[in-house]
Amino acid sequence: MARASYFFTSESVSEGHPDKVCDRISDEVVDLYFRHTIAEGLDPWALRCAAETLATTNRVVIAGEYRGTDSVTKDLIAHTARMAIRDIGYEQDGFHWQNAAIEVLLHGQSEHIAMGVDASGNKEEGAGDQGIMFGYATNETPELMPAPIQFSHKILKDLADARKSGVLAMLGPDAKSQVTARYENGRPVAATSIVLSTQHLDESLSSDDIRAIVEPYIRKALGDILPIDTDCKWHINPTGKFVVGGPDGDCGLTGRKIIVDTYGGAAPHGGGAFSGKDPTKVDRSAAYAARYLAKNVVAAGLADRCTLQLSYAIGVAEPLSIYANCDGTERCDLAALEARLPELMKLTPRGIRGHLDLNKPIYARTAAYGHFGRAPEADGGFSWERTDLVDSLKDLLT
């Protein structure tokens with residue numbers, strides 16, 4: 001049984017954080033391959049892409065593997081990366097979308113991996129790798145996400161929107177946030193500390209100046225759902241100045257913010273990163289499936305919170321195990337729940353891709369502000385946030 005009263009903290013980073021710049025570029029490459037594959041009438045089920053990105057002072061290196069259309073050239077990939085950097089907002093001497101040197105080192109997928117993963121004869125498409133994946137949901141916020149990570153994301157997203165609109169043009173793209181919530185009787189009741197470090201382009205601005213700029217946005221982001229304690233500890237740009245940011249200030253790599261991407265430490269993570277991977281990689285697609293199922297469990301009222309684990313072996317289609325844990329908040333038999341879930345959704349890589357309609361260019365938008373707790377979109381983006389299994393689960397209520 002989980003503790004009833006405690007403090008819990010989660011952090012987020014903005015789209016301009018060096019690692020998130022790399023996640024965005026890697027996911028733009030996946031989307032690029034999907035767009036060209038679909039436009040050329042080719043089979044999106046056959047697409048394979050795994051793109052890793054490194055970024056430092058005015059240099060970007062994109063490496064990895066692919067199998068798909070040859071119309072996605074190295075020059076096109078480099079151009080796509082530049083446009084992503086431009087959209088994020090980097091036009092600084094040390095990292096500029098026009099001037100950064102971009103090297104593309106993608107190569108063809110290993111035939112040995114393809115042999116194990118591809119469908120053939122009576123063999124269904126297998127998992128792209130071994131691994132364990134977790135999904136989580138909790139009813140402590142409307143998005144069925146843990147409050148500290150959900151509000152850490154929202155603070156940064158709201159500030160980024162204001163920056164891009166020109167209202168907060170004095171801020172730069174790089175930022176980090178952190179929210180500590182006090183829980184009573186298992187529910188978040190107040191924010192007790194707020195940390196924000198945001199890049200600013202005007203060197204004359206002090207920490208107090210930055211706090212005066214950002215505090216109204218922070219208060220609005222938390223709203224009435226997570227009230228700010230009267231004695232809340234505020235740490236806004238605590239080091240003083242933050243002018244040099246992004247890959248010029250710190251090297252970035254794809255896949256280094258996996259806890260930011262998921263549940264802020266409130267639930268386990270299987271270890272695999274998401275960005276840059278096509279949905280045959282169960283690191284990504286099965287984690288989306290696990291979130292989808294866990295969210296539907298909580299939305300159906302079967303539990304106040306739910307953790308699901310799935311496990312896979314490379315080249316094997318069916319999951320090796322399905323495990324549900326609701327921390328004693330369940331209102332159903334957990335063994336019956338574990339048996340029902342694969343009846344509602346086929347949990348093979350191909351079954352997940354089909355059920356969630358993942359063979360689309362929907363991934364660049366996931367690269368910042370969390371892969372979960374977002375609204376499902378009309379074009380299929382964030383399809384794993386749907387709650388369309390609720391009616392099929394309610395008969396398990398005890």
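How do the axes of H8 and helix H10 (residues 349-356) cross, and within what distance do they come? This report on a predicted model starts there and then moves to the strands.

## H8 against H10

The two axes come within 10 Å and cross at roughly 60 degrees. H8 and H10 are therefore oblique to each other, and their crossing is left-handed. On the H8 side, the contact is made by Val282, Ser285, Ala286, Tyr288, Ala289 and Tyr292, while H10 brings in Pro349, Ile352, His355 and Leu356. Sort these residues by class and you get eight nonpolar, two polar and no charged ones.

## A buried lysine in H8

H8 spans residues 282-299, and Lys295 is part of it. Is this lysine buried or exposed? With a relative accessible area of 8%, Lys295 is buried, because the cut-off for that label is under 20%. Leaving aside residues up to four places away in sequence, Lys295 touches Ala137, Glu143, Leu144, Glu385 and Thr387.

## The four-stranded sheet

Now for an open sheet: it has four strands in the order S6-S3-S2-S11, and the pairing is mixed. The edges are taken by S6 (101-108) and S11 (252-253); each has a single partner strand, so one side of each is left without a neighbour in the sheet.

Strands S2 (residues 48-56) and S3 (residues 59-67) run antiparallel and are joined by nine bridges. To pick out one pair, Glu52 has Ala63 in S3 as its bridge partner. Helix H2 (residues 74-88) packs on this sheet, where it touches S3 and S6, and its direction makes about 130 degrees with that of S6. Helix H1 (residues 18-39) lies across S2, S3, S6 and S11, running at about 150 degrees to S2.

## H1 against H2

These two helices also meet each other. The axes of H1 and H2 come within 9 Å and cross at roughly 130 degrees, so the pair counts as oblique. The crossing of H1 and H2 is right-handed.

Who makes the contact? From H1 it's Val21, Arg24, Ile25, Glu28, Val29, Leu32, Tyr33 and His36; from H2 it's Leu76, Ile77, Thr80, Ala81, Ala84, Ile85, Asp87 and Ile88. By class, the residues in the contact of H1 with H2 split into eleven nonpolar, two polar and three charged.

## S8, S9 and S10

Further along the chain, S9 (residues 187-200) is mostly covered, with ten of its 14 residues buried. Strand S8 (residues 171-184) runs antiparallel to S9, and eleven bridges join the two. One of the pairings puts Val179 opposite Ile194 of S9 as its bridge partner. The hairpin of S8 and S9 has two residues between the strands, and in it Asn185 takes a positive phi near 55 degrees.

What about S9 and S10 (residues 228-236): parallel or antiparallel? S9 and S10 pair in the parallel sense, over five bridges. Ile194 turns up again here, with Trp234 as its bridge partner in S10. So Ile194 of S9 is the bridge partner of Val179 and is also bridged to Trp234 of S10.

Key
Residues are numbered from 1 along each chain as its sequence is written. This is a predicted model: local features need pLDDT of at least 70, side-chain atom pairs count only at pLDDT 80 or more; totals for chains, interfaces and linings use all residues. Side-chain values use heavy atoms; hydrogens and water are left out. Two strands pair if DSSP finds at least two bridges between them. Contact means heavy atoms within 4.5 Å. Axes are lines fitted to C-alpha atoms, for helices over the stretch in contact, and angles run from 0 to 180 degrees between N-to-C directions. Buried means under 20% relative accessible area, exposed over 50%, partly exposed in between (1.4 Å probe, protein chains only). Angles under 35 degrees count as roughly parallel, over 145 as roughly antiparallel, 65 to 115 as roughly perpendicular and the rest as oblique. A crossing is left-handed if the near helix is turned anticlockwise from the far one by less than a right angle, and right-handed if clockwise. Ala, Val, Leu, Ile, Met, Phe, Trp, Tyr, Cys and Pro count as nonpolar, Asp, Glu, Lys and Arg as charged, and the others, Gly among them, as polar.
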